[in-house]
Structure formats: structure tokens, C-alpha cells
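Biologist: I'm in my first year and still learning to read structures. Could you take one small part, look at it closely, and then work outwards to whatever surrounds it?

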Amino acid sequence: MKRIGLLTSGGDAPGMNAAIRSVVRTALYYGMEVFGIQRGYQGLIENDMIEMNMRSVSEILNRGGTMLRTARCEEMLCSEGQGKAVSALEKRGIDGLVVIGGDGTFRGAKCLTECYGIPTIGIPGTIDNDLEYTDYTLGFDTAVNTCINIVNMLRDTMNSHERISVVEVMGNRCGDIALYTGITSGAEIIIVPEIKFDMEDVVMRINRSRKSGKHSNIIVVSEGACSAEEFARELKAMTDYSVRTTTIGHIQRGGSPTMADRMLAAQFGNKAVRLLKENIGNRVVGIRRNKIIDLDIIEAVEMKKKFNYELYETLQMISM
Ligand code: F6P
């Protein structure tokens, strides 16, 4: 393989830039040419690309976001859009593609691979950690660390005022950001889309913690379960506690990637290009039990994310 394309698509995630750097530098190391495609599949359809060199990826390792920009592209879902994408690749003489993104990005890649035979490698980049085949997605660790820092600050002020803080985190249909934030910041309760919550049980847990001498409570709510506002309204209707809400929002999608995300980015990017170099396409890369792996893209997209009930129970036992 001589010339590859690279794009980031869907919601951005810290570590995407570090992965871009790794892909570009590995490809150049092997003597391949790399075209950076701007704004994800939208830029591919519009043939909006730039050739990248060693210096195009200087000083991006530590930066959040994506230098290639990103988009959620409806057009890529129809055959007309896909046809335009394929002809742009042909025009540029690109014979392999690396896509960095989440589930939607991989579905686009699956189609390019399955219907048009374009060798494509997917790198999991999303803060949601909602892909079953990999233990971690790029950006998740940084997002959770950002949420932990915010919960730490909230705890200070909640303690002073003896309040309850309801903190909303992102995660779409996956409760992992809430689960990991909750367990690592000492939140007493987490509300996730995978588990139906019972407000009476929530109140019982809060009362019990107060009786045991606790002065404040943190409840981390995943956006996929309900909003912080909604939850707080219901809680206030049942108790006399002073309750405040915080929605972390897009702050958790920005910022400099952590060591864990930089390490994943370096390894994912390197592995993706090594596969293309061997003319192996139609794969996604990931990490399982601390080992970098690759898997058939169709198989990966079809796996349903499982919730970690054991971690949830751990939180229930130790956070009170
Ligand atoms: O997919 C990442 C994510 O941050 C989700 O957690 C969230 O639901 C969504 O993107 C928000 O999307 P947008 O930035 O388009 O509002």
C-alpha cells in the first residue's frame, strides 16, 4: 500500500490528535504517503484533503480536539454519498483508509469495506467507551479524569453547605463515564441508562449516609438515564435536602489527553498502519487485557456493549 487517507469523525475525543500523529509518522516511516481528510466523511465526500508530512503533526500530541476537524455526516448513510466518497478516494489514488471515531464512524467504514472493497482500519475514538470489543476507547480516560476533578471541587462546596450535588455526565446510551467517575470520585450514587433507578432507594441511601455522619452527597447521573435537572426535581419533591445541579457538558470532551490516552493513541495509530502495510484492511484496533488487538470490523460493529455490573456493585458496597 502506497497512499493512505486518514479522518476523524463523530464527536471528538482527547487523544485523537495524538492518534493522527502516530498514524502519520508510522506511515511516513514505512514510506507511505498520507492524506488528511478534513471534517470526517463530509470532507471525504467533498474531496477536501491535505497531504501530510512529518511537521504537519508537530505539537499536537498534547492537544485535545482534532486538527483534521470532525463532523457527523448524514450523507454517508446513503449510497449517493458513499459513491462520492469512493470516487474521491479513487481520484486521489488512495488505496487504504484509517478512520478514528465511534460506532457511527465504524458503520461508515464497514460500508466502505463491505460494499466497495476499500481496505479500512478503525481506531476507537470516543469519550463514551461504548464499544464492546475494546476495554477502552480513546478519550474516555481523559473525560473521566476531567469529571473526577469537577466532582472533587463540588465535594468541597457541597460539604460546607451540607448539600446534595447532582452531576450530569455524558455517555449517550452507555453509563461508563458515570460508572468510572462515580467509583473513582467517591460518589454515593450513580444513575446509568443500563439500570432502572428507584428514587425511594436513592433517598434511603442518602438518609443512611447522613445518619452515619456524612455532610454531603454526590449523585452522578448519565445523560442517557435522565438529566440532572429532572433528577433533582424528583429528589427535591421527596426530601428537604438542599440540592444543586451541575451539567459538565462539553468540558469533558476537551483538554489535554492523559498518559493513558496518549499511550493508546500511539499504539492504536501504529497498529492501524502496520495492518494496512501488510495489505490487511477491514479491521478495527483496540485493547483487551492490556494487549493491543485487531478484529474484523463487521464483527466489532455487531457486538453489543455489556455493562459492568461487578463494578456497579463495588460502588454500591464502598460508597456510602
Ligand atoms: O459521542 C460522544 C458524545 O459526547 C456523547 O457522549 C454525547 O451524547 C454526544 O457526543 C453529544 O454530541 P454533540 O457534541 O453533537 O452535542
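Modeller: Let's pick helix 8, which covers residues 228-238, and bear in mind that we're looking at a predicted model. Which of its residues are buried? In helix 8 those are Ala-228, Phe-231, Ala-232 and Leu-235. Looking down the axis of helix 8, you'd find these buried residues within an arc of 95 degrees, so they line one face of the helix. The spacing makes sense if you think about how a helix turns: an α-helix has 3.6 residues a turn, so residues three or four places apart point the same way. Now flip to the other side of helix 8, where Arg-233 and Ala-237 are exposed. To call a residue buried here, its relative accessible area has to be under 20%, while exposed means over 50%.

So what do the buried residues of helix 8 pack against? Their partners are strand 6, strand 7, helix 7, strand 8 and strand 9. That takes us straight to a sheet. The four strands 7-8-6-9, in that order, make an open sheet with parallel pairing. At its edges stand strand 7 (189-191) and strand 9 (243-247); each has a single partner strand, so one side of each is left without a neighbour in the sheet. Going from one strand to the next, the twist averages 20 degrees. Helix 7 (residues 199-211) packs on this sheet too, where it touches strand 6, strand 7 and strand 8. The direction of helix 7 makes about 155 degrees with that of strand 8.

Zoom in on one pair of strands in there. Strand 6 (residues 164-169) and strand 8 (residues 217-222) are paired in the parallel sense, over six bridges. If you'd like one bridge to find on screen, start at Ile-164 and look for its partner in strand 8, Asn-217.

Now let's step back. The chain is divided into domain 1 (3-139 + 257-302) and domain 2 (143-253). Where the two domains meet, twelve residues of domain 1 and eleven residues of domain 2 make the contact. Taken over C-alpha atoms, the centres of domain 1 and domain 2 are 34 Å apart.

Another spot to visit is Asp-176, which lies in helix 6 (residues 176-185). Is Asp-176 buried or exposed? Its relative accessible area is 3%, so Asp-176 is buried. Leaving out residues up to four places away in sequence, Asp-176 touches Asp-128, Asn-129, Phe-140, Lys-305 and Phe-307. There's also Asn-308: it sits 132 residues from Asp-176 along the chain, yet their C-alpha atoms are separated by 8.3 Å.

There's a second sheet for you to trace. It is open, has seven strands in the order 3-2-1-4-5-10-11, and its pairing is mixed. Strand 3 (49-52) and strand 11 (291-296) are the edge strands, and each pairs on one side only. Ignoring direction, neighbouring strands of this sheet are turned by 25 degrees against each other on average. At one edge, strand 2 (residues 33-37) and strand 3 pair in the antiparallel sense over four bridges, and one bridge to look for joins Ile-37 to Met-49 in strand 3. At the other edge, strand 10 and strand 11 are antiparallel as well, with six bridges. These two strands form a hairpin with two residues between them, and Arg-289 in the turn has a positive phi of about 50 degrees. One bridge of that pair links Arg-288 to Lys-291 in strand 11. Helix 4 (residues 103-116) lies across strand 4 (96-101), strand 5 (120-124) and strand 10 (283-288), and runs at about 160 degrees to strand 4.

To finish, try the trick from helix 8 on helix 3, residues 79-92. The buried residues of helix 3 are Gly-81, Gln-82, Ala-85, Val-86, Ala-88 and Leu-89. They cover an arc of only 155 degrees around the axis, which puts them on the same side of helix 3. The face turned away from that buried side carries the exposed residues Ser-79, Glu-80, Glu-90 and Lys-91. What the buried residues of helix 3 pack against is helix 2 (40-45), strand 3, strand 4 and helix 4. After helix 3 comes Gly-93, with a positive phi near 70 degrees.

Conventions: Residues numbered from 1 in each chain as written. Predicted model: local features only at pLDDT ≥ 70, side-chain atom pairs only at ≥ 80, totals over all residues. Heavy atoms only, no water. Pairing = 2+ DSSP bridges. Axes fitted to C-alpha atoms, helices over the stretch in contact; angles between N-to-C directions. Contact = heavy atoms within 4.5 Å. Expected span 1.5 Å × (residues − 1). Buried < 20%, exposed > 50% of the residue type's maximum accessible area, 1.4 Å probe, protein only. Arc of directions from axis to C-beta. Domains from an automatic or database assignment.
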